[in-house]
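User: Could you take me on a close look at the ligand site in this structure? I'd like to know what surrounds the ligand and how the site sits within the chain.

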Amino acid sequence: MCGIVGYIGFREAYPILVKGLHRLEYRGYDSAGVALIDDSNKLSVLKTKGRVQDLEEYARDKNTTGTIGIAHTRWATHGEPSNANAHPHYSQTESLALIHNGIIENYSVLKAQLVAEGYTFQSSTDTEVLVQLIEYIKKLNNCDLFTAVQLALNQVVGAYAIAVIEKGNPNNIIAARKSSPLVIGLGEGEFFLGSDASPIIEYTNKVIYLDDEEIAIISRDKEPKVVTISNIQKTPEIKELEMNLSELERGGYPHFMLKEIFEQPQTLLNCMSGRINVEGTNVTLSGIIDHKDKFVNARRILIIACGTSWHAGLIGEYLFEEFCRIPVEVEYASEFRYRNPVINPDDIVIAISQSGETADSLAAIELARKAGAFVYGVCNVVGSSIPRNTDSGSYTHCGHEIGVASTKAFTAQVTVLTMMALAIAKEKKSIDEVTYVKLIKELQHIPSKIEQILKLNDEIKKLSLIFTYAQNFIYLGRGYNYPIALEGALKLKEISYIHAEGYPAAEMKHGPIALIDNEMPIVIIGTNTAIYEKVVSNIQEIKARNGRVIAVINEGDETIKALADHYIEVPHTEECLDPLLSCIPMQLLAYHIAVNKNRDVDMPRNLAKSVTVE
Ligand code: M6R
């Protein structure tokens, strides 16, 4: 989604802003722009549809001097991707320039009022309405920029992270947020602004995260001042970033996605580190220990998430029901928030999110908290909005995930959910000691088993060549591997643009079987031990209709080998840990098919890394 960068200090701003925009490219965008104030206090905006590279090309022969500036990558919401709709937007007299992430919901009402006052608009965006409104209020009240922003934001309904600069005022950036993240980086005599920390990390690791309805006055020579839109002075808390620069580089891999797939043995070790004792026999999550009575007495667990995180949630359902004997419901956050759900004070709501900024998940959390439920976050990005708006939680600690297609965050989420299920089951005494220890021991073998599967990369790459031009795919799995069928299909469709659907294998007979012919590749996960025979029957049903079966099987499974057209062998593990292994071939297959098709693997069309609008 849209990205924000800002700089004020003693260096030339433009190179810092452009580098920051490149760092934010992973979020997904369709146009880019900068606004700068030069030494003669002139404010100029340079913007274009397309990539940051196109902006650099466009700006090559323009004035890009100045030590203060703001920059933006836009992911279209109101109005198509175009030069006019790109940010920054000028106000009517071109005295202000503003960038904005989020959606101003009441923009049409505000626009009508401004049009009545004689304002004209160059774009179809909601953002231009906001900058015009600020200018209008500033003139009307003869006030300074901060006050005008504060008054304007009191009229706004919706979500925003904004930064504004003003002609003739080279010493201030005004920034504000509501439901869309904004981070201020504190350097020596210079300050940075980012919609996340990635454009900031190479300059400083000291940051302030703005909270909802807070406005920051970022001045050249003093610490940022933070005031709410209701005029309450805040003392900003300075935090240290955990991220490092190497996480933002590809490290020799052709794509971030492949790098992140290969990082998984290490990211899972990081995820477990400090949570499993040295003997490897006990799992402790402080978020659970601190609230153990809540978990032990929970009547129900509601899991809310979107996309891949929702698939991790489905695996959580199997885990919590099997080991903790607590009923679980897994909900799309976007549906949950609008369907007047029944939420009891003794429900536990688990919100799963890589970014910690997904708008629907945040809204669902707010609803759950208002209803009195205890909300637990499972997030990756430290300091993001979800961990700051939940009662407790566990980080996934898999490092910065840049590829839009989530891979290492997914396996880390499943690992956290597994540890949570085991820790709660132990507290509830719903698991016997032998099983508990056996599963913890096996969990610790997962990273090396993933290592083994990653050695099949070349084999999977060869396999991908056979299916690159398939028009459709079906993914099937049962039990713990049903969510992996959904996840495999999602991975393929989002980066290769091939239509793919995941189903529980037994559901095939109730409809999807009609699609099967000799053109249809069917990826089936056949590693479950408990219902193995049933999966074998499903494969036979597909072969009877000439479908082309690609089976993920356990090493040495001669039965499915003999039936399938192609197979990928993965090591044995405990049934409940199977998804952590079976998802790896899914990730690699999708990756290679997308590369064969020459797709933009890390930044697939129309998608955004963190979905901060609903
Ligand atoms: O940051 P979140 O985990 O909340 O994001 C949820 C989805 O937007 C995300 O998982 C999306 O589906 C990915 N592109 C999947 O690869």
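Analyst: Happy to! In this predicted model, a backbone N or O atom of threonine 308 lies 3.0 Å from an oxygen atom of the ligand. Serine 406 also takes part through its backbone, with a polar atom 2.8 Å from a ligand oxygen. Lysine 491 uses its side chain instead: an N or O atom there is 3.0 Å from an oxygen atom of the ligand. On its own the ligand has 410 Å² of accessible area, and the protein covers 91% of that.

Now for the shell as a whole. There are 14 residues around the ligand, and those that come nearest are Ser309, Ser353, Ser355, Thr358 and Glu494. Sorted by class, the shell holds eight polar, four nonpolar and two charged residues. Two elements give two or more residues each: helix H10 (307–324) and helix H17 (482–496). Of the elements, H10 gives the most, with three residues.

Stepping back to the chain, you can divide it into domain 1 (3–241), domain 2 (251–453) and domain 3 (456–599). Taken over C-alpha atoms, the centres of domain 2 and domain 3 are 25 Å apart. Where these two meet, 36 residues of domain 2 are in contact with 31 residues of domain 3. Together they bury about 2,900 Å², with 74% of it on carbon and sulfur atoms. On the domain 2 side, His311, Tyr318 and Ile453 lose the most area to domain 3, together making up 23% of what that side buries.

Key. Residues numbered from 1 in each chain as written. Predicted model: local features only at pLDDT ≥ 70, side-chain atom pairs only at ≥ 80, totals over all residues. Heavy atoms only, no water. Near = heavy atom within 4 Å. Polar contact = N/O pair within 3.5 Å; in protein donor to acceptor, adjacent residues only side chain to side chain. Areas by Shrake-Rupley, 256 points an atom, 1.4 Å probe, with all protein chains shown as cover. Helix = DSSP H or I, 4+ residues; strand = E, 2+ residues; numbered from the N terminus. Nonpolar A, V, L, I, M, F, W, Y, C, P; charged D, E, K, R; others polar. Domains from an automatic or database assignment. Contact = heavy atoms within 4.5 Å. Buried area = accessible area lost by both parts, 1.4 Å probe.
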